[in-house]
Amino acid sequence: MTRKIAIVGVGKIARDQHVPSIAASDDWTLAATVSRSGTVDNIEAFTDIHQMLAARPDIPVVSLCMPPAPRFASAEACLLAGRHVMLEKPPGMTISEVQILAALAADRGLTLFATWHSRMAPGVDAAKAWLADKAILSVRITWHEDVRRWHPNQDWVFEPGGMGVFDPGINALSILTEILPFAVRAMSARLEVPSNRQAPIAARVVFSHDVVLDLDWQQTGAQVWNIEIETDAGKALLSRGGACFEVDGVEVANGEEREYPRLYDRMSRLLSADKSEVDLRPMIHVADAMTLGERVGVEAFHF
Ligand code: NAP
């Protein structure tokens with residue numbers, strides 16, 4: 001039996017990943033969308049979340065795919081209407097927003113899934129398993145991508161709550177917190193903020209345990225999403241955003257990219273088990289970097 005689901009925020013990631021993943025799944029049926037202008041062919045479309053919740057009590061699950069700033073109000077409305085909720089990453093604009101949602105879901109016996117799609121990349125489980133019994137000496141994270149390519153004309157990424165370069169950087173932190181067998185803490189940060197923007201376009205964060213995160217959002221040409229880990233048993237590398245895992249140059253895992261199908265499989269399992277999954281650690285690291293960060297002004301950025 002398939003579960004009906006509604007998508008809210010029909011934009012880039014909904015079209016690229018959510019709609020195709022739901023369409024390809026035997027577990028899910030896309031039953032409605034909510035978006036001010038976006039629609040999906042042959043699917044009932046609403047422009048207001050409250051109207052959808054009132055008109056479609058038969059839809060038990062809602063997947064929120066809009067940017068983080070407007071997400072809390074929709075998530076709260078869904079939970080108050082007795083619906084289970086999936087949140088795109090980052091799960092909210094602030095940590096307390098997500099804590100409030102988690103408490104509300106628990107109170108109502110509903111599932112809240114704060115997704116981290118990068119954790120579903122094919123090399124991540126292999127990296128976690130391999131690192132579990134190694135001494136980790138240092139970690140170097142290089143996340144250099146082109147904001148114009150991945151967020152074309154999305155001014156929200158540079159607005160308060162948009163996180164700037166931590167929007168992709170939090171993907172690296174979601175992998176880091178998944179694979180490391182110990183907790184790290186941010187100790188210092190340098191944030192490069194364009195003169196016409198509110199959020200950083202590049203950042204370097206130094207964590208305890210010799211872990212360094214290097215983010216740059218102006219990388220043209222080849223995109224780099226690497227985590228290099230030096231251990232007592234060799235040099236490990238998670239590359240291509242977690243897709244490939246190798247040790248001393250020998251490939252250990254390099255599977256098919258199925259991040260979003262795996263997120264929807266996980267949501268199915270959480271619903272069957274009456275459980276929620278809300279891990280705030282990646283967001284806490286970003287908040288700490290923003291709190292600690294030395295801000296350096298750089299030249300204006302225009303899409
Ligand atoms: P987007 O295309 O800018 O936004 C998605 C849709 O949300 C928009 O088309 C818009 O639909 C709605 N929306 C935008 N601003 C809104 C507002 N202020 N109030 C209400 N609705 C609003 O963004 P996206 O790239 O899909 O990213 C959405 C989320 O997915 C972000 O949290 C991002 O971090 C995450 N994500 C993005 C990518 C990527 O490659 N872009 C990858 C993985 C995860 P309507 O105008 O029709 O309402």
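Two domains share the lining of the largest pocket in this predicted model. Domain 1 (3-114) and domain 2 (118-255 + 287-298) each give at least three residues to that lining. The volume of the largest pocket is about 1,300 Å³. Its lining counts 45 residues, and those closest to the pocket centre are Lys 12, Ile 13, Glu 88, His 151 and Tyr 260.

Which helices give two or more residues to this lining? They are helix H1 (12-23), helix H3 (71-80), helix H7 (166-179) and helix H8 (259-272). H1 supplies the largest share, with five residues. By class, the lining of the largest pocket splits into 19 nonpolar, 14 polar and 12 charged residues.

Now let us turn to the second largest pocket. Its volume is about 200 Å³, and 16 residues line it. Met 93, Gly 161, Met 163, Val 286 and Met 290 are the closest of these to the centre of the second largest pocket. Here helix H9 (residues 281-292) gives the most to the lining, namely four residues. The lining of the second largest pocket is made up of 10 nonpolar, four polar and two charged residues. Once again, domain 1 (3-114) and domain 2 (118-255 + 287-298) each contribute at least three residues to the lining of this second largest pocket.

Next comes the ligand. There are 25 residues around the ligand, and Ser 35, Arg 36, Ser 37, Lys 89 and Asp 167 come nearest. Backbone atoms of the protein also pair with oxygen atoms of the ligand, as the table shows for Lys 12, Ile 13 and Gly 38.

| Residue | Protein atom | Ligand atom | Distance |
|---|---|---|---|
| Lys 12 | polar backbone atom | oxygen | 3.0 Å |
| Ile 13 | backbone N or O | oxygen | 2.8 Å |
| Gly 38 | backbone N or O | oxygen | 2.9 Å |

On its own the ligand has 870 Å² of accessible area, and the protein covers 80% of that. It is worth looking at Lys 12 and Ile 13 twice: both are among the residues closest to the centre of the largest pocket, and the backbone of Lys 12 lies 3.0 Å from a ligand oxygen, while that of Ile 13 lies 2.8 Å from one.

Two backbone details round off the tour. What kind of peptide bond joins Lys 89 and Pro 90? The bond is cis, with omega at about -15 degrees. Pro 90 sits in the loop between strand E5 (84-87) and helix H4 (95-108), and Lys 89 is one of the residues that come nearest to the ligand. The other detail is at Asn 42, where phi is positive, about 65 degrees, although the residue is not a glycine. You will find Asn 42 in the loop between strand E2 (28-34) and strand E3 (45-46).

Key. Residues are numbered from 1 along each chain as its sequence is written. This is a predicted model: local features need pLDDT of at least 70, side-chain atom pairs count only at pLDDT 80 or more; totals for chains, interfaces and linings use all residues. Side-chain values use heavy atoms; hydrogens and water are left out. On a 1 Å grid over the protein atoms alone, a cavity is a set of points where a 1.4 Å probe fits but cannot get out, and a pocket is an open set with protein on both sides within 12 Å along at least five of seven lines; lining residues have an atom within 4 Å of a point. Grid points are joined across faces, edges and corners, and a volume is the space filled by probe spheres set on the points. Ala, Val, Leu, Ile, Met, Phe, Trp, Tyr, Cys and Pro count as nonpolar, Asp, Glu, Lys and Arg as charged, and the others, Gly among them, as polar. Domain bounds come from an automatic or database domain assignment. A residue is near a molecule or strand if one of its heavy atoms lies within 4 Å of it. A polar contact is a pair of N or O atoms within 3.5 Å; within protein, one must be able to donate a hydrogen and the other to accept it, and residues adjacent in sequence count only if both atoms are side-chain atoms. Accessible areas come from the Shrake-Rupley method with a 1.4 Å probe; for residues, only the protein chains shown count as cover.
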